[in-house]
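Visitor: I should like to examine the backbone geometry and strand pairing of this protein. Please guide me through the model.

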Amino acid sequence: MHAQSAGDRDAIPGRVLASLNYADIPTSSVSLVIQPLGAAQPLVSLNPKIARNPASTAKILTTYTALETLTPAYIWPTEVYLEGELRDGVLHGDLGIKGYGDPMMLLEDFWKFLRELRRKGVRRIEGDLVLDDSFFAPIDEDMSAFDNQPARTYNLPPNALLVNFQTVRFIFNDTETGMDLYMDPALPNLRIENRLRARRGGCGGYNAGIAIRVRNSPLRDLVAIDGLHPTGCQDYSLSRTVLQPNSYFYGLFKGLWEEMGGEITGTYRSETLSIRDNEDPFMTWRSKPFREVLTSTNKFSNNTMTRNLLLTIAAETKSVPATTEDGIAAITEFLNSRGLDTTNLNLDNGSGLSRDVRVDAQLLVDILVDAYKSPNAAEFIASLPINGVDGTMRYRTRGESSQGMGHIKTGRLDDVVALAGVFQSQEGIRYALAFIINHKDAHRGIGVDIGDVLLDWLYYYEEGEAI
């Protein structure tokens with residue numbers, strides 16, 4: 001295929017075609033749709049209806065549906081119930097906590113949650129934590145199935161009582177007495193085997209020579225740390241997911257609670273709370289509003305947050321406990337209600353972290369065009385990474401004239417590279433675009449480079465000129 005004249009919808013920009021030819025990537029492996037916002041027809045349309053793996057650009061479907069379904073001000077409650085009598089700061093019984101899928105209860109939020117519990121008069125708990133995550137149906141998922149990296153945060157499944165992404169940040173420093181290890185947060189129910197040794201040299205190498213393995217399945221309560229860490233690395237950190245969801249919740253609760261001067265005599269149980277009709281919770285913690293959650297989800301392409309959103313959509317539109325299947329059905333129904341063609345859609349888990357997800361480029365562009373017309377357009381477009389500025393696009397096109405001209409969602413898996421978003425040319429014309437490459441080794445740098453060539457070309461493109 002060769003570059004053709006403007007107005008030929010099968011055209012592909014000459015600079016992009018040259019880059020594809022240089023990388024030995026055939027146009028049959030590429031889908032590209034560029035459509036001026038407000039126009040009835042695309043400027044460029046190459047293989048628009050071929051179903052391809054879009055990687056994380058699939059998050060556009062989940063997050064846009066969530067925004068329209070839940071609204072920007074939606075909040076997730078976390079409820080606390082007293083299963084016993086509270087006298088003089090002592091709870092004589094268990095403390096029940098029910099989650100509703102807050103996707104973004106971070107460490108500082110959890111600390112505030114516990115401070116609020118202290119403010120309401122609880123000091124000592126003479127019983128267990130009873131943890132209820134039944135708002136979402138159980139997900140029986142092998143965290144190592146995708147890439148044999150079960151401790152990586154991107155592989156964490158969703159949970160209705162998710163806190164701090166079930167993560168510990170391990171911080172390493174070489175000292176005169178050995179290799180110092182600091183954990184944030186420190187969890188009392190997590191065991192560590194630290195066999196890391198120091199070696200002289202500058203900071204470098206894969207993970208600075210550190211191997212972290214989470215062991216003792218299914219509890220995941222033992223972390224083994226091995227390797228040779230260069231002395232030139234100070235405050236070097238790696239984050240990993242540990243424990244099971246409710247054991248992490250308990251460990252974080254106990255550690256922070258005792259730091260605050262609180263006491264708890266028991267451990268934890270995972271149960272569905274027996275909440276009586278019209279029973280008010282002792283305390284309700286409210287999440288950040290969805291508009292803030294949306295920004296973090298898309299800017300940093302957070303898989304677990306996206307999957308929590310999918311299940312929240314299912315709970316709000318279908319039934320409880322929420323299932324992935326109901327969430328996907330709800331998204332498909334929403335898109336169909338907007339008149340969009342979902343024939344080629346296979347969303348899988350809603351996040352794009354899948355070998356099986358399939359979307360066509362035309363659907364991605366149609367969603368972006370629909371979003372641009374929505375009353376919630378500002379919130380949605382602003383949630384996407386800005387090229388050369390922030391999120392997953394912060395290093396892309398930095399220093400180029402096109403820097404900052406687009407809100408672009410990225411996607412990358414083995415053999416997959418994708419871009420989808422809204423971009424403004426130097427003429428002030430705004431376009432919706434989707435660009436997907438599914439080809440061997442496309443993810444190894446060259447696919448990203450071709451995407452940047454595309455954005456640079458579109459920035460300088462003038463209406464009416466040859467493509």
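The exchange below treats a sheet, a hairpin and some backbone exceptions.

Guide: This is a predicted model, in which local features need pLDDT of at least 70 and side-chain atom pairs count only at pLDDT 80 or more, while totals for chains, interfaces and linings use all residues. Residues are numbered from 1 along each chain as its sequence is written, and side-chain values use heavy atoms, with hydrogens and water left out.

Visitor: In what order do the 3 strands of the open sheet lie?

Guide: Strands are DSSP runs of E with at least two residues, helices are runs of H or I with at least four, and both are numbered from the N terminus. Two strands pair if DSSP finds at least two bridges between them. The edge strands, β8 (178-184) and β13 (234-241), each pair on one side only. The pairing is antiparallel, and the order is β8-β7-β13.

Visitor: Which residue of β8 stands opposite D174?

Guide: Strand β7 covers residues 167-175 and pairs with β8 in the antiparallel sense over 7 bridges. Opposite D174, in β8, stands M179.

Visitor: Which side chains of strand β11 are buried?

Guide: Buried means under 20% relative accessible area, exposed over 50% and partly exposed in between, with a 1.4 Å probe and protein chains only. Side chains alternate along β11 (residues 210-215): A211, R213 and R215 point to one face and are not buried. Those that point to the other face and are buried are I210, I212 and V214.

Visitor: Which residue in the turn of the hairpin formed by β11 and β12 has a positive phi?

Guide: Strand β12 (residues 222-230) pairs with β11 in the antiparallel sense over 6 bridges, and R213 stands opposite A224 in β12. The hairpin has 6 residues between its strands, and the turn residue with a positive phi, about 70°, is N216.

Visitor: Which residue does a cis peptide bond join to S217?

Guide: Most peptide bonds are trans. Here the bond is cis, with omega of about 0°. The partner lies in the loop between β11 and β12; the residue joined to S217 is P218.

Visitor: Is A55 buried or exposed?

Guide: A55 is found in the loop between β2 (44-46) and α2 (59-70). Phi of A55 is near 50°, a positive value in a residue other than glycine. Because its relative accessibility is 0%, A55 counts as buried.

Visitor: What is the relative accessibility of D348?

Guide: D348 lies in the loop between α7 and α8 (361-373), and its phi is positive, near 65°. D348 counts as partly exposed because its relative accessibility is 29%.
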